[in-house]
Amino acid sequence: MKDDILYGINPVREALRANRRAFELFVQQSGPDQRIAKLAELAEGQGIPVRRRERHDLERLAGNPHHQGVVLRVAPFAYAEIEEVIATIKQSGQKMFLLVLDGIQDPQNLGALIRTAACSGVQCVIIPKDRACGITPVVEKASAGAVETVPVVQVTNLVQAFDFLKQSGCWIFGLAGDAQQSIYQADYHGDLVVVVGSESEGIRPLVRKHCDLLLAIPHYGGVSSLNASVAGGVVMFEAARQRSAA
């Protein structure tokens, strides 16, 4: 199985902190940077070889110029298992707060949504295997390393996953532009799953059918829709606001 190449200060830092299996850290050798020096120290403390390279070498390794002077060769991303995640949350005594992303194909949007999920207290992100973006180095960079802090589950069938989540006591709230109820009218205090659809089509009809409640974000200007990552952020933080107040 091919190794992954992570790049950027935050993704590399979070991967090292999460003890993800790493093989080599490449750092830019010209110019002092305390952040890079601390990453090199962290890697060496874990027995990971640190290689010093010129910037153009790092650009070739990363595949783009946005590496910020650090590139880490790691084992492929390991997805979590939904049954294990739910069991762990239940053992903690916390109410469940999960995010389902139905068909997000833009890696920047996926990374941004995972980052927002981590910031708003979401305990797990669930994505489908087909017709959707998976976790790639670009996603990890866009998430600023958040993929190392919140479990990501990849499932073959979202409807079957919904059945399992409902049996586990969850209510499933889908975000839909044509829904009659506003996100600000819903109660998010219980075991909760929030579903955000794709950038162009929203939630697929079959997935929508299996949601317990559909919610819309009110619009006050001339533009009729929001970017998927922005829409997801709005509803996640409304849920977080209510849950933290409780």
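User: Which residues of helix 2 do Ile9, Val12, Arg13, Leu16 and Arg17 in helix 1 meet?

Analyst: Happy to start there, keeping in mind that this is a predicted model. Helix 1 covers residues 9-17 and helix 2 covers residues 34-45. The helix 1 residues Ile9, Val12, Arg13, Leu16 and Arg17 find their contacts in helix 2 at Arg35, Ile36, Leu39, Leu42 and Ala43.

User: Are helix 1 and helix 2 roughly parallel or roughly antiparallel to each other?

Analyst: Two packed helices are described by the angle between their axes and the distance between the axes. Here the axes of helix 1 and helix 2 lie 10 Å apart, at an angle of about 25 degrees. Angles under 35 degrees count as roughly parallel. Helix 1 and helix 2 are therefore roughly parallel.

User: Is the crossing of helix 1 and helix 2 left-handed or right-handed?

Analyst: The angle at which the two helices pack is about 25 degrees. As for its sense, the crossing of helix 1 and helix 2 is left-handed.

User: Which strands stand at the edges of the four-strand sheet?

Analyst: The sheet is open, its strand order is 1-4-2-3, and its pairing is mixed. A strand at the edge has a single partner, so one of its sides is left without a neighbour in the sheet. That applies to strand 1 (4-7) and strand 3 (50-53).

User: What is the average twist from one strand to the next?

Analyst: This concerns the open sheet with the order 1-4-2-3. From each strand to the next, the twist averages 25 degrees.

User: Which residue in strand 4 is the bridge partner of Asp4?

Analyst: Strand 1 pairs with strand 4 (residues 70-74) in the antiparallel sense, over four bridges. For Asp4, the bridge partner in strand 4 is Val74.

User: Are the rings of Phe77 and Tyr79 stacked or edge-to-face?

Analyst: A search of the whole structure gives two aromatic pairs. In the pair of Phe77 and Tyr79, the ring centres are 5.1 Å apart and the planes stand at 80 degrees. Planes over 60 degrees apart count as edge-to-face, so the Phe77 and Tyr79 pair is edge-to-face.

User: Is Phe77 buried or exposed?

Analyst: Its partner Tyr79 has a relative accessible area of 28% and is partly exposed. Phe77 has 13% relative accessibility, and under 20% the label is buried. Phe77 is therefore buried.

User: How many residues apart in sequence are the parts tied together by Phe173 and Tyr188?

Analyst: The rings of Phe173 and Tyr188 form an edge-to-face pair, with centres 5.8 Å apart and planes at 65 degrees. Both Phe173 and Tyr188 are buried. Phe173 lies in strand 8 (residues 171-175), while Tyr188 lies in the loop between strand 9 (181-182) and strand 10 (192-197). The parts that this pair ties together are apart in sequence by 15 residues.

Definitions and conventions: Residues numbered from 1 in each chain as written. Predicted model: local features only at pLDDT ≥ 70, side-chain atom pairs only at ≥ 80, totals over all residues. Heavy atoms only, no water. Phe/Tyr/Trp six-rings, centres within 6.5 Å; stacked < 30°, edge-to-face > 60°. Buried < 20%, exposed > 50% of the residue type's maximum accessible area, 1.4 Å probe, protein only. Pairing = 2+ DSSP bridges. Axes fitted to C-alpha atoms, helices over the stretch in contact; angles between N-to-C directions. Parallel < 35°, antiparallel > 145°, perpendicular 65-115°, else oblique. Left-handed = near helix turned anticlockwise from the far one by under 90°. Contact = heavy atoms within 4.5 Å.
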